[in-house]
Amino acid sequence: MASTRVTRLREAMNARNIEAVLTTGEVNRRYLTGFTGSSGYVLVTLQKAWLLTDFRYLTQAAEQAPDFEIVDHGASVTGTIKSLLDQEQLKRLGFEEDNLVYAAYRTYESELSPVTMVPLSGLVEELRMFKDDAELAFMKEAADLADRTFVHMLDVLKPGVSEWDAALELETFMRKNGATGTSFDTIMASGERSALPHGRASERIMQTGELVTMDFGALMNGYCSDITRTVALGTPSAKLREIYDIVLEAQLHALEFLRPGMTGREADALARDVITRYGYGDQFGHSTGHGLGMEVHEAPRVSKASDTILKPGMVVTVEPGIYLPGIGGVRIEDDVVITETGMRRLTESTKDFISLG
């Protein structure tokens with residue numbers, strides 16, 4: 001796994017005329033090496049690959065990153081990096097500008113001199129956009145747990161239950177069934193709070209006749225799932241049922257016509273145009289979706305500002321919504337992998353309108 005990813009990284013380095021790259025971001029470090037420790041640095045040249053860490057992780061690093069030479073960086077990370085660069089007679093070092101704070105950059109610039117620091121953006125992230133079979137298997141496992149959690153919550157949600165208690169039960173179920181954590185802070189929003197696209201759980205008590213939106217995900221094997229479902233407690237108003245049906249139509253339309261070769265902008269329009277046609281375009285203020293993988297938000301974007309071409313192996317969410325302040329809102333979201341001919345759903349929970357109690 002790691003050797004294949006390093007090979008792809010070196011191809012990207014060649015394309016950018018970079019002879020050495022330092023990876024400092026935790027997610028990118030794990031992606032390249034398989035190492036799950038909390039501290040480490042990856043240094044890759046066109047011929048060699050090192051994983052630098054400290055005494056606490058030397059055994060773990062050797063087990064998890066067999067394709068890398070493990071180096072104990074000791075008291076001075078920059079001194080160790082400088083020694084390796086000098087050993088290979090390298091004068092230019094690419095670094096992840098999106099993962100390095102300015103103070104750290106100044107330290108590297110000073111202590112690695114006369115090596116030239118070359119800022120790079122998206123080098124590893126572009127590789128991560130394309131999921132291999134092993135990654136897709138991990139993501140399907142996380143999606144399956146999200147589906148099971150949704151079914152479990154149908155027995156939990158009812159009038160009189162607080163959003164806090166519901167969110168706690170949701171997260172506890174995932175942890176008891178194999179999740180190492182949540183993909184992000186769980187969204188549990190009922191009644192008028194369902195009009196908050198990112199409505200974190202509150203002390204509000206759920207009541208009959210309103211909608212409940214759950215947006216959550218399981219983190220498993222370092223990969224995320226991300227699902228949203230909206231259900232009713234009893235019989236909601238005609239307006240709430242109307243927007244549910246419109247969001248469902250928009251989401252199903254997007255899934256039906258999503259295909260490789262589209263830009264993120266074109267994919268976004270599949271759902272957005274349906275909602276706009278019904279007169280609710282202004283109430284759908286976020287993107288139709290985003291990339292998903294080791295992070296819950298990563299490239300590519302499925303938005304009206306994205307010209308990225310969707311290609312097989314990319315995993316994205318499809319999550320249109322309508323939000324009416326003071327009334328309520330609806331969002332429906334699935335995780336899908338782009339295939340050669342269209343897409344394949346990873347999350348498979350029903351999206352039929354559900355009325356509980």
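**Notebook: a four-stranded sheet and the helices α7 and α8**

I looked up the sheet first. In this predicted model, 4 strands make an open sheet, ordered β8-β9-β12-β20, with mixed pairing. I noted the edge strands as β8 (187–190) and β20 (355–356), each of which pairs on one side only.

Next I checked how β20 is joined to β12. Strand β12 covers residues 227–233, and its pairing with β20 is parallel, over 2 bridges. I found L233 opposite L356 of β20.

I then asked which strands α8 touches. Helix α8 packs on the sheet and touches β8 and β9 (210–216). I recorded an angle of about 150° between the direction of α8 and that of β8.

From α8 I moved to its packing with α7. I have α7 at residues 133–153 and α8 at residues 163–176. The angle between the two helices is about 140°, and their axes are 10 Å apart. Angles over 145 degrees would count as roughly antiparallel, so I entered α7 and α8 as oblique to each other. I logged the crossing of α7 past α8 as right-handed.

Which residues meet where α7 and α8 are in contact? On the α7 side I listed L145, R148, T149, H152 and M153. On the α8 side I listed A166, E169, L170, F173 and M174. Sorted by class, this contact of α7 with α8 has 6 nonpolar, 2 polar and 2 charged residues.

My closing entry is on α8: this helix meets α7 through residues including L170 and F173, and α8 also packs on the sheet at β8 and β9.

Terms used: Residues are numbered from 1 along each chain as its sequence is written. This is a predicted model: local features need pLDDT of at least 70, side-chain atom pairs count only at pLDDT 80 or more; totals for chains, interfaces and linings use all residues. Side-chain values use heavy atoms; hydrogens and water are left out. Axes are lines fitted to C-alpha atoms, for helices over the stretch in contact, and angles run from 0 to 180 degrees between N-to-C directions. Angles under 35 degrees count as roughly parallel, over 145 as roughly antiparallel, 65 to 115 as roughly perpendicular and the rest as oblique. A crossing is left-handed if the near helix is turned anticlockwise from the far one by less than a right angle, and right-handed if clockwise. Contact means heavy atoms within 4.5 Å. Ala, Val, Leu, Ile, Met, Phe, Trp, Tyr, Cys and Pro count as nonpolar, Asp, Glu, Lys and Arg as charged, and the others, Gly among them, as polar. Two strands pair if DSSP finds at least two bridges between them.
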